[in-house]
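Colleague: I would like a close look at a single part of this model. Please keep the answer connected and brisk.

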Amino acid sequence: MEIISPDILEQYMYRRDTLIIDLRSKKEYEKYHVPGAYHIDYEDAPALFSLPKEKTIILYCERGASSLVRARELEKRGYRVKSLAGGVHGWQERKTAR
């Protein structure tokens, strides 16, 4: 399991071998999300654990703590998984700094 910075995330966006997953609530996801990200609520563990293992999974949440927990769980189940440092806030801050 790897923690990646928002700058590194850009390298994975829209790749066919990668899924970016937003773990926040559906309402938060609909308000704003990383482009190309899919929504799976943090509480929906069965959906997370049924993701394809041949893909790299990148998780993010609000600030990075919840995605780190789920990333560790997925790693234990054999997934190639990464967690976004700073969550969606880190992504937004990176975009505003440019």
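Colleague: Which residue in S5 is the bridge partner of isoleucine 3? Start there, and then take me through the strand and what surrounds it.

Modeller: Serine 83 is the S5 residue that bridges to isoleucine 3. One caution before going on: this is a predicted model.

The pair belongs to a parallel match between S1, residues 2–4, and S5, which spans three bridges. S5 itself covers residues 80–84. Is the strand mostly enclosed or mostly open? Four of its five residues are buried, so the rest of the structure largely encloses S5.

Now the other flank. S4, residues 56–60, also pairs with S5. The sense is again parallel, this time over four bridges. Isoleucine 58 faces lysine 82 of S5 across that pairing. Between S4 and S5 the chain passes through helix H4, residues 65–76. This β-α-β crossover is right-handed.

Lysine 82 deserves a pause. The residue sits in S5. Its relative accessible area is 12%, and because the cut-off for burial is under 20%, lysine 82 counts as buried. What does lysine 82 touch, leaving out residues up to four places away in sequence? Its contacts are Glu2, Ile4, Tyr12, Thr56, Ile57, Ile58 and Leu59. Glu2 and Ile4 fall within the S1 range of 2–4. Thr56, Ile57, Ile58 and Leu59 fall within the S4 range of 56–60. Lysine 82 therefore contacts residues of both strands that pair with S5. Tyr12, also on the list, falls within H1, residues 6–12. As background, side chains in a regular strand alternate between the two faces of the sheet.

Helix H4 comes next. H4 lies across S1, S4 and S5. Its direction makes an angle of about 175° with S5. Serine 67 is one residue of this helix. Serine 67 has 0% relative accessibility, so it counts as buried. Setting aside neighbours within four places in sequence, serine 67 contacts Leu23, Leu59, Tyr60, Cys61, Ser83 and Leu84. Ser83 and Leu84 lie in the S5 range of 80–84. Leu59 and Tyr60 lie in the S4 range of 56–60. Serine 83 thus appears twice in this account: as the bridge partner of isoleucine 3, and as a contact of serine 67.

Step back to the whole sheet. Five strands form an open, parallel sheet in the order S1-S5-S4-S2-S3. The edges belong to S1 and S3, the latter spanning 38–39. Each edge strand has a single partner, so one side of each has no neighbour in the sheet. S5 stands between S1 and S4 in that order. Further along, S4 pairs with S2 in the parallel sense over five bridges. Leucine 59 of S4 is the bridge partner of isoleucine 21. Leucine 59 also contacts lysine 82 and serine 67.

How does the chain as a whole run? It holds five helices and five strands. From the N terminus their order is β-α-β-α-β-α-β-α-β-α. The radius of gyration is 12 Å, close to the 13 Å that the globule rule gives for 98 residues, so the chain is as compact as a globular protein of that length. The C-alpha atoms fill a box of roughly 35 × 25 × 25 Å along the principal axes. Buried residues account for 42% of the 98. Take the contacts between residues at least 6 apart in sequence: 64% of these join residues at least 24 apart. The chain exposes about 5600 Å², and carbon and sulfur atoms supply 50% of that area.

For contrast with S5, look at the loop between H1 and S2, where tyrosine 14 is placed. Tyrosine 14 is at 65% relative accessibility, so it counts as exposed. Its phi is positive, about 70°, although the residue is not a glycine. Most residues other than glycine have a negative phi. Arginine 16 lies in that loop too, between H1 and S2. Arginine 16 is exposed, with a relative accessible area of 78%. Back in S5, lysine 82 is buried at 12%.

Technical notes:
Residues are numbered from 1 along each chain as its sequence is written. This is a predicted model: local features need pLDDT of at least 70, side-chain atom pairs count only at pLDDT 80 or more; totals for chains, interfaces and linings use all residues. Side-chain values use heavy atoms; hydrogens and water are left out. Helices (H or I, at least four residues) and strands (E, at least two) are DSSP runs, numbered from the N terminus. Buried means under 20% relative accessible area, exposed over 50%, partly exposed in between (1.4 Å probe, protein chains only). Two strands pair if DSSP finds at least two bridges between them. A crossover is right-handed if, with the strands pointing away from the viewer, the path from the first strand over the helix to the second runs clockwise. The radius of gyration is taken over C-alpha atoms; the globule rule is 2.2 Å times the number of residues to the power 0.38. Contact means heavy atoms within 4.5 Å. Accessible areas come from the Shrake-Rupley method with a 1.4 Å probe; for residues, only the protein chains shown count as cover. Axes are lines fitted to C-alpha atoms, for helices over the stretch in contact, and angles run from 0 to 180 degrees between N-to-C directions.
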